[in-house]
Amino acid sequence: MQLGRTTITLTPAELALLRTAVERDAAEFAPRLASPLGFDRLDQPWFRKHRILDVSSAVPFPARRVHVAAFDGGMRVLTAHLEHLHQVAAHDPPLDLDDQTKAVAYATYGNAWTRTYALGELKIGTFSDIPWFASLDETQQTQIDQLARQFGDAVKPEQQQRGEDGWVIRAWWIAHRRLIERELVVPRDGQLRRTDVIHAEDLPLPPGNQWRFVNGRLIPVG
């Protein structure tokens, strides 16, 4: 499911609410509020009383963004705050999470809105999807060979299945030079659960300050 987006302009009152929310819950983004920002409303099907906003900042480099839930009289920063998505879902129960397609999409977007890795995340379906540095020294190549023996067969495309509490989505990710195995659980009430197991750190690949399409795939290149 691909969500549409609509570019919007915030009123002075909404900008004040945004500033309050960012200064409280995303202090590292707060200095960017003085620079030009972009605002997109995501056309999501789950919440009726909340708008999900993508707030983007191109400068200073590297670009950053935060996702925010806006409601009558306030805003909550979702980025790095899964608990705020829980609050939104408690007050505005999402629809149709028994449906696999909608539940998986809710997990996908809910995970993206609340991610804790500021430099972005890359989902991988095989070990060969990892975008290693083009030039590797002997120590780095040895590290990769050891990881391939340990996880080469374990890394698989996303798996979806019905569990006791709702839909369960398992996938492998790269973020901040880490290899992560992630489980997302989507209960009917929308209280998304995320469990990460970090299998390796300090991998020989770009951290994510820059991303670029390479062979049709957006990957970290710097």
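This passage describes the strand pairing, nonpolar cores, pocket and cavities of a predicted model.

The strands β1 to β5 are linked by a series of antiparallel pairings, which can be followed from one strand to the next. Strand β1, residues 4-7, pairs with strand β2, residues 38-43, in the antiparallel sense over 4 bridges, and within this pairing Arg5 stands opposite Leu42 of β2. On to strand β3, residues 51-57, β2 is joined by 5 bridges, again with the two strands running antiparallel, and here Gly38 faces Ser56 of β3 as its opposite residue. The pairing of β3 with β4 is likewise antiparallel and extends over 7 bridges, with Arg51 standing opposite Ala70 in β4; a hairpin of 6 residues connects these two strands. Strand β4 in turn pairs with β5 over 4 bridges in the antiparallel sense, and Phe71 stands opposite Gly74 in β5. The hairpin of β4 and β5 has 2 residues between its strands, and in this hairpin Gly73 adopts a positive phi near 100 degrees.

Beyond β5, the loop that leads to α2 contains Ala80. Ala80 is classed as partly exposed because its relative accessible area is 40%, which falls between the limits of under 20% for buried and over 50% for exposed residues. The C-alpha atom of Ala80 lies 8.3 Å from that of Ala26, although the two residues are 54 residues apart along the chain. When residues up to four places away in sequence are not counted, Ala80 touches Thr114, Arg115 and Thr116.

In soluble globular proteins, nonpolar side chains tend to be buried together. In the present model, the largest nonpolar core comprises 24 residues, and those with the most contacts inside it are Trp46, Phe47, Leu85, Tyr106, Trp113, Val186 and Leu192. Two or more residues of this core are given by each of α2 (82-91), α3 (100-113), β8 and β9, and the largest share, 7 residues, comes from α3. The surroundings of Leu192 illustrate how these parts of the chain meet: with residues up to four places away in sequence left out, Leu192 touches Leu82, Leu85 and His86, then Tyr106, Ala107, Gly110 and Asn111, and also Leu184, Val185, Val186 and Pro187. A second core, separate from the one that contains Leu192, has 17 residues, among them Ala30, Phe39, Val55 and Val77.

The largest pocket holds about 1500 Å³ of space. Its lining is made up of 43 residues, of which Arg65, Ala112, Arg115, Gly120 and Glu121 are the closest to the pocket centre. The elements β1, β3, β4 (64-71), α3 and β6 (122-124) each give two or more residues to this lining, and α3 gives the most, with 8 residues. Helix α3 is thus a contributor both to the largest nonpolar core and to the lining of the largest pocket. By class, the pocket lining divides into 21 nonpolar, 13 polar and 9 charged residues.

In addition to the pocket, a search of the whole structure finds 2 cavities of 30 Å³ or more. The largest cavity contains about 60 Å³ of space, and its lining consists of Thr108, Lys123, Glu158, Ile169, Arg170, Ala171, Trp173, Arg182 and Leu184. Both β8 (166-175) and β9 (178-186) supply at least two residues of this lining, while the largest share, 4 residues, comes from β8. The residues lining the largest cavity fall into 4 nonpolar, 1 polar and 4 charged. Leu184, which is part of this lining, is also one of the residues touched by Leu192.

The second largest cavity encloses about 30 Å³ of space. It is lined by Gly120 and Leu122, by Ile174, Ala175, His176 and Arg177, and by Leu205, Pro206, Pro207, Trp211 and Pro220. By class, this lining has 8 nonpolar, 2 polar and 1 charged residues. Gly120, listed among the residues that line the second largest cavity, is also one of the residues closest to the centre of the largest pocket.

Note on methods
Residues are numbered from 1 along each chain as its sequence is written. This is a predicted model: local features need pLDDT of at least 70, side-chain atom pairs count only at pLDDT 80 or more; totals for chains, interfaces and linings use all residues. Side-chain values use heavy atoms; hydrogens and water are left out. On a 1 Å grid over the protein atoms alone, a cavity is a set of points where a 1.4 Å probe fits but cannot get out, and a pocket is an open set with protein on both sides within 12 Å along at least five of seven lines; lining residues have an atom within 4 Å of a point. Grid points are joined across faces, edges and corners, and a volume is the space filled by probe spheres set on the points. Ala, Val, Leu, Ile, Met, Phe, Trp, Tyr, Cys and Pro count as nonpolar, Asp, Glu, Lys and Arg as charged, and the others, Gly among them, as polar. A nonpolar core is a set of buried Ala, Val, Leu, Ile, Met, Phe, Trp, Tyr and Cys residues joined through side-chain atoms within 4.5 Å. Buried means under 20% relative accessible area, exposed over 50%, partly exposed in between (1.4 Å probe, protein chains only). Contact means heavy atoms within 4.5 Å. Two strands pair if DSSP finds at least two bridges between them.
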